[in-house]
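The following exercises concern helix packing, burial and backbone geometry in a single protein model. Each task is followed by a worked solution.

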Amino acid sequence: MNQEDRKNEQSKTAGEAGWHLSRYNLYASIPDSPNTAVVNLFKGTYNAFNPMEMYLLSVLEELSETHPMIGRFAEKGVIADFDEYAALETLGRLGSAYHQNAYITICPTMACNFDCPYCFEKHNSGKMTPEVQENVIRFIEHLLTTAHTEFLKITWFGGEPLLAPDVIEVLSERIISLCEKLNVTYTSMIITNGYLLDQDMVDLLERCHVDTCQITLDGLGATHDATRRLAGGGATFDRITDNLRHCSFPFNVILRHNVHEGNKQETEPLREYIRTLAQDSGNHIHLSPAIVLGNPVSGERSDPVELLCSEDAADVELSLELVSLRFPSGLYCGAQRLWFMGIDEEGNLYKCWECLDKKQLAFGNVKTWLPENPICTAAKPDLLTGYMNTADRNHDEECRNCVWLPLCAGGCPQARLSGKKRCLPYKDSPEKYVMKIRELYKQQQRDGSE
């Protein structure tokens, strides 16, 4: 290279070197400050930039590629010299194909002792027979050996899984033994309404190596009882909280708060109640709020559930209370991964929890589906491939061009496949989102500085 070439090489602008503003930046002016809050959704970062830094961002492509701010801006993710959209697509494909972890949800029964108006399931009676249990064990062994899985997580679900504790105990013992034989790390959790969770049941779950239990509280007292009630009627709040207070839990308890228009005002009182409950009981109990949306099954129930669980429940302010800043995975949920599936009491296989009571949406059965030939042995291949292909947003121009793509990953696969694509509630309020992230960031800084 001659001297002139070296001079030209050294005098490249940042734009000529391939640098550009990230396509996934969100901006908001900070009140009573000259600074601007910037959230980058691709790297999951928050920063407050002063006017000079914002000016340098505005003329980025004219700066020298050796300008000292290039490195800082790149570290924060607010500028990039690569195709971020292509990177997200790669993350999605990698996530869908990742085979070392398996996540299996098992429903020992689809029956339930509750009748919650927003439930997405139609509850059937009966529980998993010994024959189906045997098929489940053979299937899991086949999956673990075929996929060379290193980690297996079982989630006990239903219906109400504690209506069939014998099935949980028998299957757990055999699956744990399998994992020990194959040197697979095993973990499990249970999603239960908590009504039957007395000390004997807690002890059973401990023997089954359950390390997390999720229970729903919809509010305090009567507010909870309005939506979390016994089949045939009857309150449940006191029974559930007595179990939490008087039982000794050797594992973590997550209390899900299904937030809707009828109970959102109790979020903070419930949080304080649970904090006190954890202190008094000595148990590890944590609150996890989640928004309730309407669904076809709840709409068929006799209750006016649209007042509680309509799309209006997902308003901007309510949704923003639940946000967090995180790295993108390229996927919305586990249904887009090959070794993520649910098994109902008959051994049918599904990709989405919301389908577990709908036999017509099963893609196969544990008796006949072969992990080494997942497409050809599926009874309904489209019900397997459809979910995984939602990780590819190339066919959806709106998603492809959306600044929110790293955060929402194209939205719920089940909603997309049913023709009801669901965008983030605060999609049209980026400034409010940035301010919420700023608030969360400042909470993490002990001195409150930016």
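**Exercise 1: An exposed loop residue**

Determine whether D32 is buried or exposed, and describe its backbone.

Solution. D32 has a relative accessible area of 88% and is therefore exposed; buried means under 20% relative accessible area, exposed over 50%, and partly exposed in between, with a 1.4 Å probe and protein chains only. The residue is found in the loop between β2 (25-29) and β3 (36-40). Helices (H or I, at least four residues) and strands (E, at least two) are DSSP runs, numbered from the N terminus. Phi of D32 is near 60°, a positive value in a residue other than glycine. For context, most residues other than glycine have a negative phi, and most peptide bonds are trans.

The model is predicted: local features need pLDDT of at least 70 and side-chain atom pairs count only at pLDDT 80 or more, whereas totals for chains, interfaces and linings use all residues. Residues are numbered from 1 along each chain as its sequence is written, and side-chain values use heavy atoms, with hydrogens and water left out.

**Exercise 2: The packing of α5 and α6**

Classify the arrangement of α5 and α6 from their crossing angle, and describe their contact.

Solution. Step one is the geometry: the axes of α5 (residues 130-147) and α6 (residues 165-182) come within 11 Å and cross at roughly 25°. Axes are lines fitted to C-alpha atoms, for helices over the stretch in contact, and angles run from 0 to 180 degrees between N-to-C directions. Step two is the class: α5 is therefore roughly parallel to α6, given that angles under 35 degrees count as roughly parallel, over 145 as roughly antiparallel, 65 to 115 as roughly perpendicular and the rest as oblique.

Step three is the contact, defined as heavy atoms within 4.5 Å. On the α5 side are Q133, E134, I137, I140, E141, L144 and T145, which meet V167, V170, L171, R174, I175, L178, C179, K181 and L182 of α6. By class, this contact has 10 nonpolar, two polar and four charged residues. Here Ala, Val, Leu, Ile, Met, Phe, Trp, Tyr, Cys and Pro count as nonpolar, Asp, Glu, Lys and Arg as charged, and the others, Gly among them, as polar.

**Exercise 3: The length and surroundings of α5**

Compare the expected span of α5 with the distance between its end C-alpha atoms, then locate its buried residues.

Solution. At 1.5 Å a residue, the 18 residues of α5 should span 26 Å, and the end C-alpha atoms are 26 Å apart, so the two values agree; the expected span is 1.5 Å times one less than the number of residues. The buried residues of α5 are V132, Q133, N135, V136, I137, F139, I140, L143, L144 and A147. Their cover includes β6 (101-106), β7 (151-156), α6, β12 (340-343) and β13 (348-350).

N135 serves as an example: its relative accessible area is 8%, so it is buried. Apart from its neighbours within four places in sequence, N135 is in contact with V366 and K367.

Beyond the helix, H148 lies in the loop between α5 and β7. H148 has a positive phi of about 55° although it is not a glycine. Its relative accessibility of 59% means that H148 counts as exposed.

**Exercise 4: Two further helix pairs**

Classify the pairs α2 with α3 and α9 with α10.

Solution. The axes of α2 (residues 51-58) and α3 (residues 68-76) come within 11 Å and cross at roughly 90°. The two helices are therefore roughly perpendicular. E53, L56 and L57 of α2 make the contact with M69, R72 and F73 of α3. These residues divide into four nonpolar, no polar and two charged.

For α9 (residues 237-246) and α10 (residues 267-281), the axes come within 9 Å and cross at roughly 40°. This pair is therefore oblique. The contact joins F237, T241, L244 and R245 of α9 to Y273, L277 and S281 of α10.

**Exercise 5: Residue I176 and a cis peptide**

State which residues I176 contacts, and where the cis peptide bond lies.

Solution. I176 lies in α6 and, because its relative accessible area is 10%, is buried. Neighbours within four places in sequence aside, I176 is in contact with Y186, R207, C208 and H209. The cis peptide bond runs from G158 to G159, with omega near 25°. G159 is found in the loop between β7 and α6.
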